[in-house]
Amino acid sequence: MSNIDRLLANYCRQVRLPWSSHTSGKQRIWFAVYPPAEERRVRARVPQFEAATLEANHGWARIDLTNLLPQWIASHEYREGIFTEPEHFSANSELEDLAVEQVRQACTAADADARRRALDPDGLETLADADGVVCLSATKGEAPAAERLRLLLVQALGSFDLAALLASAGPGGKNGTKAETLDDWLRDEFFEQHCALFHHRPFLWHLWDGHKSGFSALLNYHKLDHANLEKLTYAYLGDWIRRQQAAVDAGEAGSDARLAAAKTLQARLKLILEGEPPFDLFVRWKPLSSQAIGWQPDQNDGVRLNIRPFMAQDIPGGKKGAGLLRSKPNIKWEKDRGKEPMRAKAEFPWFWGWDEATQNFAGVGKEPDGNRWNDCHYSNAFKQAAQAPRK
């Protein structure tokens with residue numbers, strides 16, 4: 001891993017952590033420290049820092065002060081004297097005031113733009129999906145995803161060249177496409193391109209049952225709470241299962257395979273809702289007494305940790321390592337760099353010598369090793385026992 005990759009990885013991990021309620025505005029400042037020789041490489045990766053920030057539900061405004069000093073000197077009344085005797089140069093507070101003003105103006109402009117968008121919407125808000133579940137096939141009276149996407153494109157762009165639009169899909173439009181229709185693109189290519197565009201921390205998840213003509217849905221991670229996952233499992237997928245059962249009863253060819261695939265997916269989603277290992281949520285920086293029981297994700301914990309139950313086991317017919325997802329994001333839950341400070345064994349047992357295998361690990365030894373494991377598994381009963389004293 002390069003220095004810049006490590007810097008970006010550390011930033012992604014930090015930006016997902018919630019702010020402490022006791023942290024003042026002046027304390028909410030981070031500095032990225034890197035060798036001067038890496039400056040151009042860091043600047044080239046700024047869009048990735050922006051994507052990570054937006055994915056963590058924070059705002060983003062880029063303010064470049066690189067030219068502040070040369071511009072100030074160029075406009076200074078005594079610039080010739082500064083060049084002649086730079087050792088006597090002193091900006092006092094003037095340069096600092098200019099920097100503060102630039103930052104203030106940029107933040108004010110960003111806030112004004114956000115308010116303008118809120119007060120003067122572009123009309124596309126009416127096309128937003130309320131529960132964040134968009135099925136690729138028509139389900140429960142909702143139009144299929146491709147039809148809804150086409151309506152959005154027409155409203156946003158007017159007339160458009162579909163072939164050119166598909167060809168430009170993906171990061172930088174470099175991947176090309178084999179799809180000839182929006183439905184083909186959404187079904188076969190969208191999620192892989194989306195993962196690449198957002199550096200394998202996707203906020204839209206393409207879930208499917210492993211059958212090429214079976215059930216598929218796009219899920220908005222930011223809306224995927226327990227209630228909406230239940231709605232997906234029992235309402236949307238339940239409606240699909242009833243239709244496939246009717247097709248089986250009518251003797252329709254291929255319907256039995258679609259029915260079996262859908263029932264397998266529904267059974268897996270029920271396990272995620274329940275949250276027993278390996279479909280549990282685990283966040284290493286939260287004490288055992290605060291770990292989620294069942295599908296109760298905290299979006300501030302980030303995609304990397306919350307997507308784990310959906311990738312815990314592959315579904316028949318699915319992609320290797322992708323679990324219930326249409327393709328496999330490049331996500332791992334291996335040990336992170338660094339060590340944790342002293343933590344109480346009862347609340348943070350995984351920092352006390354985990355063997356990388358034991359479920360419901362309770363900690364061993366007299367001293368913690370502080371290793372930052374991310375792939376521990378704890379049963380609901382174990383978590384409930386840890387939470388019992390708090391009730």
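Okay, let's start with helix α14, residues 380-387 (helices being DSSP runs of H or I, at least four residues, numbered from the N terminus): here N380, K383 and Q387 are buried, meaning under 20% relative accessible area with a 1.4 Å probe, protein chains only, while exposed means over 50%. Those three sit on the same side of α14, because they cover an arc of only 65 degrees around the axis, taken from the directions from the helix axis to the C-beta atoms. As a reminder, an α-helix has 3.6 residues a turn, so residues three or four places apart point the same way.

Before I go on: this is a predicted model, where local features need pLDDT of at least 70, side-chain atom pairs count only at pLDDT 80 or more, and totals for chains, interfaces and linings use all residues. Numbering runs from 1 along each chain as its sequence is written, and side-chain values use heavy atoms, with hydrogens and water left out.

So what do the buried residues of α14 pack against? That's α12, residues 255-274. On the face turned away from the buried side, you'll find A381 and A385, both exposed.

Now R326, in the loop between α13 (303-306) and β4 (336-339). Buried or exposed? R326 is buried, at 9% relative accessible area. Beyond its neighbours within four places in sequence, R326 has contacts (heavy atoms within 4.5 Å) that include R187, F191 and W208.

Last, F215: leaving aside neighbours within four places in sequence, its contacts include L232, W240 and L265. W208 is on that list too.

Definitions and conventions. Helices (H or I, at least four residues) and strands (E, at least two) are DSSP runs, numbered from the N terminus.
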